[in-house]
Amino acid sequence: MPVIQHQRSDYIIKLEALNRRLPATHPAKNKVENRLIREKAGIKGENDMNFYLRFLSPDNHYLHKNPRIPCHGSHFEIDNLLMYCTAFLAVEVKNWYGTIFFDGESQVIQRHDNGTEIGYPNPIPQVKLQIHRLRLLLNRLNIPYIPMHYFIVFSSPKTIIKPLYPDNPVPKEVIHANRLFFLIKKFLQQYSAPILDMKNIADVSAYLVAEHTPKMVDVMYEFGIKPWELIKGVFCPKCGIAPMAWKHGKWHCIQCLHASKMSHISALRDYMLLISDELSNAEARKFLKLDSPDVMKRLLRAAYQVAGTTKNRRYKLSKCRINANYAE
Ligand SMILES: [Zn+2]
């Protein structure tokens, strides 16, 4: 079974960078922290659900994870798309906690353990629209009509799913993750006649791979934060305090006395994620809190591609030759 995990949006790594560089006293701090927790929980939910998809028999289908495809001026995204010769199945994953009340396809209400209630858009019309858009795409690719269905999967077994009104039961497509494997098997039994062959499916698959476009988000814009509000300096990779001071060819932490040569790479990666993918020597010095233009020039030249003439020289942060994870 080819499993294609499409590249995810860089949203979480940008949120992490913003959270790291936003002072604890900033009015948006809580909002950023909460969004980061929610996004990470979503990824965990998707990973937990992969456990149940592993039991599907191999060789007879393709599984695309998180394809995001341009279509009619915008994009549609599906958490999991299973493509069999007999039918297609979209599986949307929700990582919601507490008690979730469904009123058919109207707004859903999440009640937390402390009694607070939040309304969310119902995921059923959302996934139906994604399927409709996938159908338009398949038509455009001259793929014969194939049945398509969906499940909305709650990844946490602790989530309670209830009808809001007793006479309007929870739609049968809304399930807990531990039922998914059995319901997919049951679903496939309904469709025994192949409509496509594996070559058709491989063609659709290749199209999805070619067209996938990860979502790019400007988190500074989203939370209304200006560059001057961020914490400047190089963070210590050991204790997390900023700024480290550059002395005798190394960055030194004033708190835990840790010393490292490459910690500026992680700091400049934050700059790239939050502000711009290129910068000048002066901008780098301001962000890293380093006074010497000569030292800064040496550090930048050692790691980044240069653009522009001597006077307007800029460094391409996206062309870093050193992995930030090993820059400690
Ligand atoms: Zn330290």
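Axes here are lines fitted to C-alpha atoms, for helices over the stretch in contact, and angles between them run from 0 to 180 degrees between N-to-C directions. The model is predicted.

**Helices 8 and 9**

Helix 8 covers residues 281–288 and helix 9 covers residues 293–303. Their axes lie 10 Å apart and meet at an angle of about 100 degrees. Angles of 65 to 115 degrees count as roughly perpendicular, and helix 8 and helix 9 are therefore roughly perpendicular to each other. Helix 8 brings N281, A284 and R285 to the contact. Helix 9 brings P293, M296, K297 and L300. By class, this contact has four nonpolar, one polar and two charged residues.

**The six-stranded sheet**

How many strands does the open sheet have, and what is their order? There are six strands, in the order 1-2-5-6-10-12, and the pairing is mixed. Strand 1 (3–5) and strand 12 (174–176) stand at the edges. Each has a single partner strand, so one side of each is left without a neighbour in the sheet. Neighbouring strands of this sheet are turned by 20 degrees against each other on average, direction ignored.

Strands of a sheet pair through backbone hydrogen bonds, either parallel or antiparallel. Three of the pairings are set out below, each with one pair of facing residues.

| Strand pair | Sense | Bridges | Residue pair |
|---|---|---|---|
| Strand 1 and strand 2 (residues 61–65) | parallel | three | I4 and H64 |
| Strand 2 and strand 5 (residues 80–84) | antiparallel | five | K65 and N80 |
| Strand 10 (residues 148–154) and strand 12 | parallel | three | V153 and I175 |

Read from the strand 1 edge, I4 stands opposite H64 in strand 2. The end of strand 2 then links onward: K65 has N80 of strand 5 as its bridge partner. At the strand 12 edge, V153 stands opposite I175.

A helix also packs on this sheet. Helix 3 (residues 123–140) lies across strand 6 (88–94) and strand 10. Helix 3 runs at about 145 degrees to strand 10.

**Two domains**

Where do the domains fall? Domain 1 spans 3–211 and domain 2 spans 232–326. Their centres, taken over C-alpha atoms, are separated by 39 Å. The contact takes six residues from domain 1 and four residues from domain 2. What classes of residue are on the side of domain 1 that touches domain 2? That side has three nonpolar, no polar and three charged residues.

Technical notes
Residues numbered from 1 in each chain as written. Predicted model: local features only at pLDDT ≥ 70, side-chain atom pairs only at ≥ 80, totals over all residues. Pairing = 2+ DSSP bridges. Helix = DSSP H or I, 4+ residues; strand = E, 2+ residues; numbered from the N terminus. Contact = placed C-beta atoms within 7 Å. Domains from an automatic or database assignment. Nonpolar A, V, L, I, M, F, W, Y, C, P; charged D, E, K, R; others polar. Parallel < 35°, antiparallel > 145°, perpendicular 65-115°, else oblique.
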